Structure formats: C-alpha cells, structure tokens
Amino acid sequence: MSDISGYLYCPRICYFRLKFGGKINEVHAAKEIYTSRRAGFDDEWAKRKFLSLYGEENQEIFEIAAGKFIYSKSLEQLEQLDYGIVLESSRLRLKGKLDELIQLKGVRYPLILSSKAPEEGVWYRDRIKTAAFCMLLKDAGIVDTSSGLIYHCFDGELREVEIGRKDKYTVMRLVERVCKLKKGFIPEGVSDSRCTRCDYRRECSNEPVTFASRFL
Ligand code: SF4
C-alpha cells in the first residue's frame, strides 16, 4: 500500500523506496501516538513503542510529531473494532496495514491516518488508499463498503470520503505500474516543489531519464 501512495506522490519516490527502503517520518510516529491514545496509553508509551520499532536515532522525529499531534474530540464517537489489520490479497496483488476499522452509527468504515487536511475534501492519495483498503476488506470478507474515514493527525480533522469505480480502477492501474518498477523500470520524476524537500534528491539527480521512463 505504501508503494501506491509513494507512486502517487512521485513515481520516482516509489522507485527509490523499493530500491533503498523507506525512510522514517513524522507520520510513522503519529500512528504510534494515535494507536496508543485510542487504547488509553500516553505519549511516553507511544514513544517507547516507536523507538523500539524504528531505533533510538529517530527520537527527534517522534518529538516533532508529538508536538504537532492533535487528538480531536470527534474521535470519541468512533467505536474501534480493530487496528493495525494486515490485509493481503494475491488475487488483487495488494497488501497493506489498515490503521483502524471503526463503527459509527452501526456502520463499519476503514479509517486511515494522514498528516494535515487540504482546505476541502481529502488528498487524492488518501482517496486512492481508502479505495485500496475498501477492496481489500471486501476481498477478505470483512466488510463491503465504499466509504472510509481519514483522520488528519496534525490538525485534528476527521473527514469522510466516498470512493467510486474510477478510484478502484486507479488502484489496479497503480498495482500494474508498481509491478513494472519492481522489474527495474526507472520512472520519470515530478520536477516541481516536491523535489526541494525530497530525501532522494541526490540519488534522483544521478538516475537517467530514459525514453521508456516517460511512458510509465
Ligand atoms: S527529487 Fe523530485 S523527482 Fe526525484 S524522487 Fe524526489 S520528488 Fe521525485
């Protein structure tokens, strides 16, 4: 699932994550804070979990995330059914870890965590991620839904998203594209403001842009 999200942000980031492994960021830390607080534990507990999972060298990342994290009252209405659910479908060639499965007014929804909300709606990458989890949940026989919730940890915004057939089609197209990267294709990058804060800037400037990469 992280491959698909990475691809939507920049196809080259997805390529570098597959090649070198992903880097730890504030959202990883926010996820530990979120799951700990939902279970009634404090941030000290979340920090211990985070550092034992990702290493003591990432302490600063945790502190920054903890400083920005907002636990909204709106979460109290959501009944947690399960969290950190690993879902995998060989049929769909998809796998991912769902942050939370919740129930609201008798209806079950997948909930995913994100950083800050856009002015309106949800980020496209979160919409597609939600679509992928709806597909996985249906495939696993857990719930058949076309809606999900996104909780934005750094501004406390809880938003619902409805997904459609087009979103599911996009998921399948991305699965095919990520498969190509796994075979060694180097995609074209985005070349915009995203590059200025990208961890792979140096590696990216050393990778050639090929004729084939323009069509991936
Ligand atoms: S530097 Fe730009 S093009 Fe290269 S991986 Fe990063 S965001 Fe993508």
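**Reading a predicted fold**

Modeller: Let's start with burial: in the protein chain, 30% of the 216 residues are buried. Keep in mind that this is a predicted model.

Colleague: What makes a residue count as buried here?

Modeller: A residue is called buried because 20 or more other C-beta atoms lie within 10 Å of its own. Of the 216 residues in the protein chain, 30% pass that test.

Colleague: Which elements make up the chain, and how do they follow one another?

Modeller: There are eight helices and five strands. Starting at the N terminus, the order is α-α-α-α-α-β-β-β-α-β-β-α-α.

Colleague: Why is the protein chain called as compact as a globular protein of its length?

Modeller: We set two values side by side. The radius of gyration is 18 Å, and the globule rule gives 17 Å for 216 residues; the two are close, so the chain is as compact as a globular protein of that length. Along the principal axes, the C-alpha trace spans about 50 × 40 × 35 Å.

Colleague: How do the five strands fit together?

Modeller: They form an open sheet with mixed pairing, in the order β1-β2-β3-β4-β5.

Colleague: What makes β1 and β5 edge strands?

Modeller: Strands β1 (79-89) and β5 (157-162) each pair on one side only. As for twist, neighbouring strands of this sheet are turned by 35° against each other on average, direction ignored.

Colleague: How do you know that β2 and β3 are paired?

Modeller: Pairing needs at least two bridges. Strand β2 (residues 94-104) and strand β3 (residues 107-114) share five bridges, in the antiparallel sense, so they count as a pair. You can find one spot yourself: Glu-100 stands opposite Leu-111 in β3.

Colleague: What are the domains, and how far apart are their centres?

Modeller: The protein chain is divided into domain 1 (22-69) and domain 2 (80-177). Taken over C-alpha atoms, their centres are separated by 22 Å.

Colleague: How do you know that the two domains touch?

Modeller: Two residues are in contact if their C-beta atoms lie within 7 Å. The contact between the domains takes eight residues from domain 1 and eight residues from domain 2. On the domain 1 side, the largest share, six residues, comes from helix α3 (residues 26-38). By class, that side of domain 1 has four nonpolar, one polar and three charged residues.

Colleague: What share of the contacts joins residues at least 24 apart in sequence?

Modeller: The share is 67%, among contacts in the protein chain between residues at least 6 apart in sequence.

Notes:
Residues are numbered from 1 along each chain as its sequence is written. This is a predicted model: local features need pLDDT of at least 70, side-chain atom pairs count only at pLDDT 80 or more; totals for chains, interfaces and linings use all residues. Helices (H or I, at least four residues) and strands (E, at least two) are DSSP runs, numbered from the N terminus. Axes are lines fitted to C-alpha atoms, for helices over the stretch in contact, and angles run from 0 to 180 degrees between N-to-C directions. The radius of gyration is taken over C-alpha atoms; the globule rule is 2.2 Å times the number of residues to the power 0.38. A residue is buried if 20 or more other C-beta atoms lie within 10 Å of its own, exposed if 12 or fewer, and partly exposed in between; C-beta atoms are placed from the backbone. Domain bounds come from an automatic or database domain assignment. Ala, Val, Leu, Ile, Met, Phe, Trp, Tyr, Cys and Pro count as nonpolar, Asp, Glu, Lys and Arg as charged, and the others, Gly among them, as polar.
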